[in-house]
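Open the model in your viewer and start with a cartoon view. We will go from the whole chain to a pair of facing residues.

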Amino acid sequence: MGFAETFKALSDPIRRDILTLLKSGRLSAGEIGSHFDMTGATISYHLGILKKAGLVFESREKNFIFYELNTSVVEEVMLWLSELKGGTDHAETK
């Protein structure tokens, strides 16, 4: 996972909406798709980008594919942004 893929994935409002849906727990591709007015192929495209960026996990059970939020990648991005902003953790001592 690189930040380029992560930020590309986060740049699209549909993908951000998908991540928001997954905050409450894992969902099947069909359950995710039911929240949007678009084709299954388009949902699959967005899920593929999120998966490539490491923002979601995919698991298969019988005939279903479930997606789950990868919070460790989200935490890594938040940590980087926090360090970029600066804070008390990196105070210089003289």
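The tour below starts with the overall fold and ends in the sheet.

This is a predicted model: local features need pLDDT of at least 70, side-chain atom pairs count only at pLDDT 80 or more, and totals for chains, interfaces and linings use all residues. Residues are numbered from 1 along each chain as its sequence is written, and side-chain values use heavy atoms, without hydrogens and water.

**Whole chain.** Colour by secondary structure. You should find five helices and three strands, taken as DSSP runs (helices H or I, at least four residues; strands E, at least two) and numbered from the N terminus. Their order from the N terminus is α-α-β-α-α-β-β-α. The radius of gyration is 16 Å, well over the 12 Å that the globule rule gives for 94 residues, so the chain is more spread out than a compact globule. That radius is taken over C-alpha atoms, and the rule is 2.2 Å times the number of residues to the power 0.38. Along its principal axes, the C-alpha trace spans about 60 × 25 × 20 Å.

**Burial.** Switch to a surface. Of the 94 residues, 29% count as buried, meaning under 20% relative accessible area with a 1.4 Å probe, protein chains only.

**The sheet.** Select the strands. Three of them form an open antiparallel sheet in the order 1-3-2. Strand 1 (27-28) and strand 2 (56-61) are the edges, each pairing on one side only. Pairing requires at least two DSSP bridges.

**Strands 1 and 3.** Which residue of strand 3 stands opposite Ser-28? Select residues 64-69, which are strand 3; two bridges join this strand to strand 1, and the two run antiparallel. Now pick Phe-66: this residue faces Ser-28.

Definitions and conventions
Buried < 20%, exposed > 50% of the residue type's maximum accessible area, 1.4 Å probe, protein only.
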